[in-house]
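Here's a quick briefing to read with the model open in your viewer. Grab a coffee and follow along.

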Amino acid sequence: MTFDRAEASPFAGVPLMAWATGRSEPTRILRFAAIGGLSTLIYAALTLALSARHGPGVPATIASMAGYGAGAVFSYCGHRFVTFMSDGAVGFEIPRFAVATSFGFLLSLALAAGLTDIAGFSASMPVALSSILVPALNFVILRNFVFVAASR
């Protein structure tokens with residue numbers, strides 16, 4: 001169920017819930033941050049649970065890919081149903097979401113390679129930049145390229 005305005009929500013009498021279920025940009029940004037945070041926790045928890053050091057002995061690279069994949073699935077579902085409340089075609093949105101997710105992943109790799117391997121900065125520099133740039137760019141890409149049906 002989607003609503004055009006927070007006042008049309010069944011939570012209209014509950015100020016925080018009415019605000020959180022609204023369609024304004026600030027509410028989307030709040031929901032985007034919550035979904036992104038949860039998908040990051042899923043990634044980290046699954047990666048650590050599977051890794052050789054903490055779990056059944058899966059190599060770290062494989063564990064990381066499994067964690068990233070699980071986080072991406074949660075992220076797509078969360079952003080589709082919660083952040084953007086989209087009713088667009090799944091066959092249209094999933095490939096575009098995959099491109100957006102890949103773009104963010106490649107940007108973080110490029111920052112790490114460029115700033116640490118080439119420029120010699122500490123690893124914290126690309127992590128900090130990625131933590132700011134990737135979510136900001138993802139929000140814009142998801143709103144304007146992936147979940148365009150919800151933006152109308």
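The notes below go from the overall fold to the core, the aromatic rings, the helices and a few single residues.

This is a predicted model, so keep that in mind throughout. The protein chain has five helices and zero strands, and 30% of its 152 residues count as buried. The main things to look at are a nonpolar core of eleven residues, an aromatic cluster and a loop residue with a positive phi.

**Overall fold**

- Reading from the N terminus, the elements of the protein chain go α-α-α-α-α.
- Take the contacts between residues at least 6 apart in sequence: 55% of them join residues at least 24 apart.
- About 8800 Å² of the protein chain is exposed, and carbon and sulfur atoms account for 74% of that area.

**The nonpolar core**

- Which residues make up the largest nonpolar core? They are Phe 32, Tyr 76, Phe 84, Phe 97, Ala 100, Phe 139, Ile 141, Leu 142, Val 146, Phe 147 and Ala 150.
- Helix H4 (90-118) and helix H5 (124-146) are the elements that give two or more residues to this core.
- H5 supplies the largest share of the core, with four residues.
- Ala 150, one of the core residues, is in contact with Arg 23, Arg 28, Phe 84, Met 85 and Ser 86, once you set aside its neighbours within four places in sequence.

**Aromatic rings**

- How many aromatic pairs does a search of the whole structure find? The search turns up seven aromatic pairs.
- Among them is the pair of Phe 32 and Phe 139, which is edge-to-face, with 5.2 Å centre to centre and 80 degrees between the planes.
- That pair ties together distant parts of the chain, as Phe 32 sits in helix H2 and Phe 139 in helix H5, 107 residues apart.
- Phe 32 and Phe 139 are both buried.
- Zooming out, Phe 32, Tyr 76, Phe 84, Phe 97, Phe 139 and Phe 147 form one aromatic cluster.

**Helices H3 and H5**

- H5 has a bend of about 30 degrees at Ser 130, and Ser 130 is one of the buried residues of this helix.
- The other buried residues of H5 are Pro 126, Val 134, Asn 138, Phe 139, Ile 141, Leu 142 and Val 146.
- Those buried H5 residues pack against helix H2 (25-50), helix H3 (60-83) and H4.
- A handy reminder for reading such lists: an α-helix has 3.6 residues a turn, so residues three or four places apart point the same way.
- In H3, the buried residues are Ala 63, Gly 67, Gly 71, Ala 72, Ser 75, Tyr 76, Gly 78, His 79, Arg 80 and Thr 83.
- For H3, the packing partners of the buried residues are H2, H4 and H5.

**The loop between H3 and H4**

- Met 85 belongs to the loop between H3 and H4, and just after H3 it takes a positive phi of about 45 degrees.
- For context, most residues other than glycine have a negative phi.
- Is Met 85 buried or exposed? Met 85 counts as buried because its relative accessible area is 10%, and the cut-off for buried is under 20%.
- Ser 86 is in the loop between H3 and H4 too, and Ser 86 is buried because its relative accessibility is 7%.
- The Ser 86 side chain reaches the backbone nitrogen of Gly 88 at 3.1 Å.
- Leaving out neighbours within four places in sequence, Ser 86 is in contact with Arg 80, Glu 93, Phe 147, Ala 149 and Ala 150.

**Two leucines to check**

- Leu 106 sits in helix H4 and is exposed, with a relative accessible area of 53%.
- The C-alpha atoms of Leu 106 and Val 134 are 9.8 Å apart, with the two positions 28 residues apart along the chain counted as separation.
- Leu 30 sits in helix H2 and is partly exposed, at a relative accessible area of 40%.
- C-alpha to C-alpha, Leu 30 and Thr 83 are 8.2 Å apart in space, and they are 53 residues apart in sequence.

Terms used: Residues numbered from 1 in each chain as written. Predicted model: local features only at pLDDT ≥ 70, side-chain atom pairs only at ≥ 80, totals over all residues. Heavy atoms only, no water. Core = buried A, V, L, I, M, F, W, Y, C linked by side-chain atoms within 4.5 Å. Buried < 20%, exposed > 50% of the residue type's maximum accessible area, 1.4 Å probe, protein only. Contact = heavy atoms within 4.5 Å. Bend = angle between axes of the 7 residues up to and from the residue. Areas by Shrake-Rupley, 256 points an atom, 1.4 Å probe, with all protein chains shown as cover. Polar contact = N/O pair within 3.5 Å; in protein donor to acceptor, adjacent residues only side chain to side chain. Phe/Tyr/Trp six-rings, centres within 6.5 Å; stacked < 30°, edge-to-face > 60°.
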